[in-house]
Amino acid sequence: MTVEHHKYVIGVDYGTLSGRALVVRVADGAELASAVHEYPHAVMDTTLAATGAALPPEWALQVPQDYREVLQAAVPAAVKASGIDPADVIGIATDFTASTPMPVIADGTPLNELAEYADRPHAYIKLWKHHAGQGQANRINELAAQRGEKWLARYGGFISSEWEFAKGLQLLEEDPELYHRMDHWVEAADWIVWQLCGEYVRNACTAGYKGILQDGEMPSREFLAALNPDFADFATDKVAHTIGALGASAGTLTAQAAEWTGLPEGIHVAVGNIDAHVTAPAAKATEPGQMLAIMGTSTCHVMNGDHLAEVPGMCGVVDGGIVDGLFGYEAGQSGVGDIFAWYVKNQVPQASHDAAALAGKSVHQYLTDLAYEEPVGAHGLVALDWHNGNRSVLVNTELSGTIVGLTLATRPEQVYRALLEGTAFGARTIVETFTKAGVPVTEFVVAGGLLKNPLLMQTYCDVLRMPISIIDSDQGPALGSAIHAAVAAGAYPDIRSAAEVMGKVIKGAYTPNEAAADAYDELYAEYSQLHDYFGRGANDVMRRLKNRRREVLS
């Protein structure tokens, strides 16, 4: 296929705190320029910006107008910085964190933008890390297990509080007026496409992984009514809509969106996608056995398989969930970079901050360098990486972080290294679970901001005992979205062929150190014992402490 070198596409990646627009050349995947727009309201997890009212524990909300501003600010800025003629742009695609649903009326207006609802927390977007619907998730899981719902195994036996149905049920039970006022319970990934092309199309990725859509069906009316009689029609009346295949065109850019972005009216707008899944083609990780870990504030693990299997604790398996013709699997860790950031912000003494500044390093780099002056295990610590709950393989947001082995001699950098290692042990738990379930992981590929820490990458390599390949781009999701835009615009016949040309990866960037790997095997054995002791019911202290906190704060 011959692609004109002067044609371009735009990939827009919506993250937790900002949105990034990237200009990419269709012919070879060259990244020409990017621009970022920080969300003015960031994440509302303590107070509601509109009123200043306090939010309960475990809430995480966002404001939809912040997403529109990314189109209005970041896209034109990226195009201007690239120096291209906007007339040569042939497509645009977006990706989002997930599950990030919002209540809207029939024309797509979010409820928080109706004046009478601006002071109601449930009128806003519920960000992926909104965990306040855990009680509803527990009921969904218990009822599904009792009834033997066939779709439950497709999600490793658990539906997460982060997903559409638990959040929707929470909305109904805590603010029924808003629940009945909304016409659609829409993923942000699909809402932003709606804003761009004027067409509401649910993307197959989010619908399958976060919306319990399997084999063309969602949970039955009878099941939903058993949860709450008023929830009976949630799937059919609030969620169900036209499904769009990944890489397909959802429509064309409207005049209003063209004005926002400075792009030509009528160019193709790709069906939406999840940030992790869209990154797979950017990292050339589209074949069976290639597990891609997108490592940032959290980590999402995605991989393709050539057959359907039930993997305990997986976040989902969807036919065509990453690329057509293969089963896309997902797992994840709810806290990774967020854990490191929490530790530096809240636990590291001022002396370490001062020493880092004197050395001209970030505190993260300073602690990393100091920690790795010691051999594996010298700190005498093991950490459970559950500060934001456990996504895989336990699927339990009631779990919390812990560190075993602290003494009066423990230094800040040693705790920091134990936290780094704890996330690597969590990744190994996921890899081993997939392999035991008949979905072998043959290659581990890393994307995301944390790959910039080579000592962390080597730790993962040693813990996993397998080579690690890394994406050769700082902007994996945005590049992946650009690849989808190129396919939607007709420049390539499918995602896999576009990925071969436009994707970028460094194969075997890290290889295991056998001595370190042997030492980590011993620490991992300790981690596994703690993992099962606290995570599989032997000791339920973490849930009890969280319940006590809720009771005190309520």
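The following conversation discusses the strands, helices and nonpolar core of a predicted model.

User: What kind of model is this, predicted or experimental?

Analyst: This is a predicted model.

User: Let us start with the sheet. How many strands form it, and in what order?

Analyst: The open sheet is formed by 7 strands, in the order 15-16-14-13-19-20-21. Their pairing is mixed.

User: Which strands are at the edges?

Analyst: The edge strands are strand 15 (316-319) and strand 21 (505-510), and each of them pairs on one side only. From one strand to the next, the twist averages 25°.

User: How does strand 21 pair with strand 20?

Analyst: Strand 20 (residues 468-471) and strand 21 pair in the antiparallel sense, over 3 bridges. Within this pair, Ile471 stands opposite Val505 of strand 21.

User: Which strands does helix 10 lie across?

Analyst: Helix 10 (residues 275-282) lies across strand 13 (290-295), strand 14 (299-305), strand 16 (327-333), strand 19 (443-447) and strand 20. Helix 10 runs at about 125° to strand 13.

User: And what does helix 14 touch on the sheet?

Analyst: Helix 14 (residues 412-436) packs on the sheet and touches strand 13, strand 14, strand 16 and strand 19. The direction of helix 14 makes about 150° with that of strand 16.

User: Back to helix 10. Why is it described as largely enclosed by the rest of the structure?

Analyst: Of the 8 residues of helix 10, 7 are buried, so this helix is largely enclosed by the rest of the structure. The buried residues are Ala276, His277, Val278, Thr279, Ala280, Pro281 and Ala282.

User: Which residue with a positive phi follows helix 10?

Analyst: That residue is Lys284, with a phi near 55°.

User: Now the core. How many residues are in the largest nonpolar core?

Analyst: The largest nonpolar core has 104 residues. Those with the most contacts inside this core are Leu292, Tyr329, Phe340, Phe434, Phe444 and Tyr460. Helix 14 supplies the largest share of the core, 11 residues.

User: What is Leu292 in contact with, leaving aside its neighbours within four places in sequence?

Analyst: The contacts of Leu292 include Ala276, Thr279 and Ala280, three residues that are buried in helix 10. Leu292 is also in contact with Ala283, Ala285, Cys300, His301, Val302, Val445, Val446 and Ala447.

User: How do helix 14 and helix 15 pack?

Analyst: Helix 14 and helix 15 (residues 454-464) pack at an angle of about 40°, and their axes are 9 Å apart. That angle makes helix 14 oblique to helix 15. Their crossing is right-handed.

User: Which residues make that contact?

Analyst: From helix 14, the residues are Leu420, Glu421, Thr423, Ala424, Phe425, Ala427, Arg428 and Val431. From helix 15, they are Leu456, Thr459, Tyr460, Val463 and Leu464.

User: What about helix 1 and helix 5?

Analyst: Helix 1 (residues 64-82) and helix 5 (residues 188-197) pack at an angle of about 50°, with axes 11 Å apart. Helix 1 and helix 5 are therefore oblique to each other, and their crossing is right-handed. Among the residues in contact are Tyr67 and Leu71 of helix 1 and Trp191 and Ile192 of helix 5.

User: One last topic. What do strand 2 and strand 3 form?

Analyst: Strand 2 and strand 3 form a hairpin with 5 residues between them. In the turn, Gly29 has a positive phi of about 80°. Strand 2 (residues 18-25) and strand 3 (residues 31-38) run antiparallel and are joined by 7 bridges. Leu22 stands opposite Ser34 in strand 3.

Note on methods: Residues numbered from 1 in each chain as written. Predicted model: local features only at pLDDT ≥ 70, side-chain atom pairs only at ≥ 80, totals over all residues. Heavy atoms only, no water. Pairing = 2+ DSSP bridges. Helix = DSSP H or I, 4+ residues; strand = E, 2+ residues; numbered from the N terminus. Axes fitted to C-alpha atoms, helices over the stretch in contact; angles between N-to-C directions. Contact = heavy atoms within 4.5 Å. Core = buried A, V, L, I, M, F, W, Y, C linked by side-chain atoms within 4.5 Å. Buried < 20%, exposed > 50% of the residue type's maximum accessible area, 1.4 Å probe, protein only. Parallel < 35°, antiparallel > 145°, perpendicular 65-115°, else oblique. Left-handed = near helix turned anticlockwise from the far one by under 90°.
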